[in-house]
Amino acid sequence: MSQNTPLVSIILPAYNAKLHIARCIQSILAQTFTDFELIILNDGSSDNVTLPVCEMYAKIDSRIRLVDKPNSGVSRTRNLGIEQAAGKYLQFVDSDDYIEPNYTETLVNAAESSQADLVIAHYYMVIPKGGASNLRERSIQWAERSDIPWAQKYAEKMRELDEQEPEVRKNGFLDAAVMDKKQFALHLMDKPASFYYGVMWNKLYRRDIILEHDIRCNTDISWSEDFLFNLNYIRWAERFCSIEDAGYYYVQNPNSLVHTQLMDFPEMLAMKAMLFTYYKNLYEELGLYEENKLTIAKYLVSVSESTQPSNALTEKFGEVKDAVLDTLRSDEKKTED
């Protein structure tokens with residue numbers, strides 16, 4: 001790369017991220033690998049915090065390019081970042097998340113040493129002990145407003161989960177290896193709906209492949225657009241490198257867009273059926289479909305990694321049940337008296 005052209009372009013969309021944006025940006029600026037540009041795209045934030053924080057960082061670090069734009073959604077925002085990027089490699093980060101200091105260096109070293117078109121890495125999922133479910137939050141809010149005697153106990157016990165330390169899980173399936181397209185595609189069938197394969201933030205991409213084949217995030221869908229982007233990219237990539245190092249922290253935030261967008265079951269099935277045509281086409285192009293079609297069909301019923309805390313909800317629901325029974329016994333005793 002030339003002296004003025006960064007090796008990596010890091011693309012960071014930001015929308016109403018006031019609680020996390022500073023942590024995210026600081027983790028990027030703290031990278032041991034320094035030959036990067038950070039393209040921050042403020043997607044019309046209305047919280048009066050996100051944009052000023054981004055402006056502050058842009059003033060103190062020349063590697064930052066800040067784009068302030070009207071709200072258009074994460075897919076259009078990422079696409080604009082792709083069009084403005086100059087690096088050989090593209091790396092994506094979400095504003096709720098953060099990365100370890102050596103993360104970008106690890107991705108780049110893997111790409112350069114293996115001459116891979118795509119690097120995929122293990123990652124950490126950070127889960128609040130209460131879980132990230134929007135439905136759970138709404139059920140607590142209902143209980144807090146309810147006049148039902150045991151409802152307050154339910155809300156109180158479930159809120160206790162939020163006071164505990166978050167749980168951090170390491171996720172990923174592939175051992176460290178360099179693979180051709182067919183080898184990678186065969187592994188993809190094992191857990192096709194996994195975040196590990198589907199998302200964009202645990203990977204490093206070649207910008208020239210994306211531009212040459214006009215690969216972009218689909219702006220007509222609001223679910224699994226990352227997975228569709230990756231399926232299109234895999235069609236044109238030839239060499240794949242998997243690493244077991246995990247340096248990306250994917251933080252479950254119940255207030256983020258991905259958790260507040262609710263999709264009913266028929267809509268989800270329709271979306272999966274549409275995505276399956278792309279999934280099937282990839283394997284037909286590779287000559288792998290007929291002999292693997294039953295395995296490939298697993299995508300229609302596969303689910304992503306759980307975002308609920310390990311055992312915590314089961315334990316807490318037991319406490320809620322005991323609290324409800326205590327309340328009912330107490331009410332019954334008062335009636336008898």
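## Strand E10 and its surroundings

Let's start in the middle of things: strand E10 (residues 239-251) has 10 of its 13 residues buried, so the rest of the structure largely encloses it. Buried here means under 20% relative accessible area, exposed means over 50%, and partly exposed covers what falls in between (1.4 Å probe, protein chains only). Strands are DSSP runs of E with at least two residues, helices are runs of H or I with at least four, and both are numbered from the N terminus.

Before going further, a word on the source. This is a predicted model, where local features need pLDDT of at least 70 and side-chain atom pairs count only at pLDDT 80 or more, while totals for chains, interfaces and linings use all residues. Residues are numbered from 1 along each chain as its sequence is written, and side-chain values use heavy atoms, with hydrogens and water left out.

Back to E10 and its partners. Two strands count as paired if DSSP finds at least two bridges between them.

| Strand paired with E10 | Sense | Bridges | Residues standing opposite |
|---|---|---|---|
| E5 (residues 98-99) | antiparallel | 2 bridges | Ile-99 and Tyr-248 |
| E6 (residues 118-127) | parallel | 8 bridges | Val-119 and Cys-241 |
| E8 (residues 177-180) | antiparallel | 4 bridges | Ala-177 and Ser-242 |

Now for a lysine. Lys-272 sits in helix H12 (residues 265-285), and it is buried, with a relative accessible area of 8%. A polar atom of its side chain lies 2.6 Å from the backbone oxygen of Tyr-299. That pair fits the polar contact rule: N or O atoms within 3.5 Å, where within protein one must be able to donate a hydrogen and the other to accept it, and residues adjacent in sequence count only if both atoms are side-chain atoms. Leaving aside residues up to four places away in sequence, Lys-272 touches Ala-193, Trp-223, Tyr-299, Leu-300, Val-301 and Ser-302; a contact means heavy atoms within 4.5 Å.

Gln-26, in helix H1 (residues 21-29), is partly exposed, with a relative accessible area of 46%. The C-alpha atoms of Gln-26 and Pro-101 are 9.8 Å apart, with the two positions 75 residues apart along the chain.

Finally, the whole chain. There are 14 helices and 10 strands, and 50% of the 337 residues count as buried. Among contacts between residues at least 6 apart in sequence, 82% join residues at least 24 apart. The accessible surface comes to about 16300 Å², with 50% belonging to carbon and sulfur atoms.

Terms used. Accessible areas come from the Shrake-Rupley method with a 1.4 Å probe; for residues, only the protein chains shown count as cover.
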